[in-house]
Amino acid sequence: MLGVRAERASLRLREEEAAVVSAVQENIGAQPVVKAFGLEQREVASFQSRLSIVYNAGLRFNILSY
């Protein structure tokens, strides 16, 4: 049973990592728009939130995989 949970946690971690990569790619392309509308703080907060989710998913995976 622990193996199944670790496998699910691994999948979730990979999905969350992919979401962060996607957000980075989006934000790089949207920098002129972000700056023009003064959305820097919002984007930083959003990115920090995504990183927190990845951290927690990674922590869960590490706990379950040992």
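This is a short talk through the fold, the surface and one helix of the protein shown above.

Before anything else, please keep in mind that what we are looking at is a predicted model, and every value I mention was computed from it.

Let me begin with the overall layout. The protein has three helices and zero strands, and, reading from the N terminus, the order of elements is simply α-α-α. The radius of gyration comes out at 15 Å, whereas the globule rule gives 11 Å for 66 residues, and since the value is well over that figure, the protein is more spread out than a compact globule. The box filled by the C-alpha atoms, taken along the principal axes, tells us about the dimensions, at roughly 50 × 15 × 10 Å.

How do the contacts run along the chain? If we consider contacts between residues at least 6 apart in sequence, 87% of them join residues that are at least 24 apart.

Turning to the surface, buried residues account for 21% of the 66 residues, and the protein exposes about 5100 Å², of which carbon and sulfur atoms supply 59%. As for charge, there are 8 positive and 7 negative charges, and their mean positions lie 6 Å apart.

Now I would like to spend the remaining time on helix H3, which covers residues 40-64. With 25 residues at 1.5 Å a residue, this helix should span 36 Å, and its end C-alpha atoms are indeed 36 Å apart, so the two figures agree. Which residues of H3 are buried? They are Glu43, Val54, Ala57, Gly58 and Leu64.

Two other residues of the helix deserve a closer look, and the first I will take is Phe47, which lies in H3. Its relative accessibility is 26%, and because buried means under 20% and exposed means over 50%, Phe47 counts as partly exposed. Once we leave aside its neighbours within four places in sequence, Phe47 is in contact with Val20 and Val24. Phe47 and the buried Ala57 are 10 residues apart in sequence, with their C-alpha atoms separated by 15 Å in space.

The other residue is Ile63, whose place is also in helix H3. Is Ile63 buried or exposed? At 59% relative accessibility, Ile63 counts as exposed. Along the chain, Ile63 and Ala6 are 57 residues apart, yet their C-alpha atoms are separated by 8.4 Å.

Notes. Residues numbered from 1 in each chain as written. Predicted model: local features only at pLDDT ≥ 70, side-chain atom pairs only at ≥ 80, totals over all residues. Heavy atoms only, no water. Helix = DSSP H or I, 4+ residues; strand = E, 2+ residues; numbered from the N terminus. Rg over C-alpha atoms; globule rule 2.2 N^0.38 Å. Buried < 20%, exposed > 50% of the residue type's maximum accessible area, 1.4 Å probe, protein only. Contact = heavy atoms within 4.5 Å. Areas by Shrake-Rupley, 256 points an atom, 1.4 Å probe, with all protein chains shown as cover. Lys, Arg positive; Asp, Glu negative; His and termini not counted. Charge placed at Lys NZ, Arg CZ, Asp CG, Glu CD. Expected span 1.5 Å × (residues − 1).
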